[in-house]
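Trainee: I would like to learn how to read a structure feature by feature. Could you guide me through this one, with the general idea before each case?

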Amino acid sequence: MSFHLVVGHGPAGAATARLLAEQGRRVRVVTRTGRPAGQAVEGVEHLALDASDPAGLAQAARGAVALYGCAAPPLPQWTERWPALNSALCAAAEDSGAVLVMLGNLYGYGPVERPMTEDLPLAATGPKGRVRAAAWEQARALHEAGRIRAVEVRASDFFGPGVTDGGHLAARAMPGLLKGRSVAVLGDPDTPHSWTYLPDVARALVEVAGEESAWGRAWHVPTTPALSVRSMVDRLAAEAGTGPVAVRRLSPVLLGVAGLFSPLLRELREVRYQFDRPFTVDASAYEAEFAVRATPLAEQLAATVGWWRERLEGPAAR
């Protein structure tokens with residue numbers, strides 16, 4: 001019997017595996033540990049494997065109808081580890097015949113002066129942007145050569161239930177916000193920014209996997225209109241009932257000093273432009289072709305606050 005293979009079980013991989021299982025699909029998840037990140041989901045098999053091992057991943061993918069690339073190395077290791085991981089994904093897709101559905105982001109465009117559309121050149125000059133652009137360029141070349149079937153789904157910053165350490169409106173904001181405390185943010189708190197709701201990411205990945213007309217190009221996940229960090233914090237605080245919450249900008253000087261000791265903060269310097277100027281995504285091309293739409297913002301806010309309350313305070317807090 002055929003199945004869907006999800007590589008990676010971070011927020012996006014877990015949400016995708018859960019959605020597929022809810023739809024009655026057989027699901028296999030590949031991670032280094034072979035253990036679910038959170039509560040186990042019925043119908044989801046977990047396999048321990050280094051996904052950058054071409055032979056191992058090809059073996060795990062045999063019989064799969066779709067292969068979802070949702071894994072990502074730690075940010076400081078992107079340039080060293082992405083090429084091997086992406087090559088293994090492409091090789092597994094070629095060996096198995098599974099559709100390769102790549103989860104991408106917006107880094108590859110580099111700084112732009114208008115809302116991002118999929119026809120923009122992948123013109124990033126920083127190492128993280130270039131490595132993400134190169135991953136899709138490799139897959140697209142193999143698709144155009146007829147060796148694999150591939151599609152990329154690009155999202156802006158993740159937001160919503162399941163988004164924790166890596167989200168700018170997650171672990172760095174929600175615990176304090178729920179207690180009415182101030183929130184410290186990167187960059188200009190009043191510049192427009194696109195926030196892609198995590199369940200919409202999973203729904204888009206699953207939808208394009210089954211739509212042959214989607215293959216061979218990149219698509220942007222449907223995303224609600226851009227709002228500044230301050231606007232999002234205000235809305236989250238209102239939903240939580242914690243009243244107005246102060247939003248303060250982290251000092252660039254302080255961030256520079258902290259980067260001397262934190263590899264993660266050091267790596268974020270390359271993408272600081274995303275929070276110092278408008279950073280907005282246009283998903284109208286996707287919406288003209290397919291069914292998934294962005295979840296209404298009010299639903300996003302309610303679900304996110306409820307999820308964080310339960311995570312921090314237990315089920316009784318809901």
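Mentor: Let us start with contact, which means that heavy atoms lie within 4.5 Å of each other. Please keep in mind throughout that this is a predicted model.

Trainee: Leaving aside its neighbours within four places in sequence, which residues is Glu 207 in contact with?

Mentor: Glu 207, whose place is in helix H6, residues 198-209, is in contact with Tyr 286, Phe 290, Ala 291 and Val 292 once those sequence neighbours are left aside. A polar atom of the Glu 207 side chain also lies 2.8 Å from the backbone nitrogen of Ala 291.

Trainee: Which side chain of opposite charge is nearest to Glu 207, and how far away is it?

Mentor: A salt bridge needs a side-chain nitrogen of Lys or Arg within 4 Å of a carboxyl oxygen of Asp or Glu. Here the nearest side chain of opposite charge, Arg 293, is 6.4 Å away, and Glu 207 has no salt bridge although it is buried.

Trainee: Tyr 286 was among those contacts, so how should I read an aromatic pair that contains Tyr 286?

Mentor: For ring pairs one looks at the distance between centres and the angle between planes, and an angle over 60 degrees counts as edge-to-face. The structure holds nine aromatic pairs. In one of them, Trp 219 and Tyr 286 have ring centres 6.3 Å apart and planes at 90°, so this pair is edge-to-face. The pair links distant parts of the chain, since Trp 219 belongs to strand S10 (residues 218-220) and Tyr 286 to helix H11 (residues 284-289), 67 residues apart.

Trainee: Are Trp 219 and Tyr 286 buried or exposed?

Mentor: Buried means under 20% relative accessible area; Trp 219 has 4% and is therefore buried, and Tyr 286, with 0%, is buried too. Another edge-to-face pair is formed by Trp 307 and Trp 308, with 5.3 Å from centre to centre and 85° between the planes. Trp 307 is partly exposed at 24%, whereas Trp 308 is buried at 2%.

Trainee: Which residues of helix H12 are buried, and what do they pack against?

Mentor: Helix H12, residues 297-313, reaches 24 Å from its first C-alpha to its last, close to the 24 Å expected for its 17 residues. Its buried residues are Leu 297, Gln 300, Leu 301, Thr 304, Val 305, Gly 306 and Trp 308. The buried residues of H12 pack against several elements, including strand S7 (157-159), H6 and helix H7 (229-240). Just after H12, Gly 314 takes a positive phi of about 100°.

Terms used: Residues are numbered from 1 along each chain as its sequence is written. This is a predicted model: local features need pLDDT of at least 70, side-chain atom pairs count only at pLDDT 80 or more; totals for chains, interfaces and linings use all residues. Side-chain values use heavy atoms; hydrogens and water are left out. Helices (H or I, at least four residues) and strands (E, at least two) are DSSP runs, numbered from the N terminus. Buried means under 20% relative accessible area, exposed over 50%, partly exposed in between (1.4 Å probe, protein chains only). Lys and Arg count as positive and Asp and Glu as negative; His and the chain ends are not counted. A polar contact is a pair of N or O atoms within 3.5 Å; within protein, one must be able to donate a hydrogen and the other to accept it, and residues adjacent in sequence count only if both atoms are side-chain atoms. The expected span of a helix is 1.5 Å times one less than its number of residues. Rings of Phe, Tyr and Trp (its six-membered ring) pair if their centres lie within 6.5 Å; planes under 30 degrees apart count as stacked, over 60 as edge-to-face and the rest as tilted.
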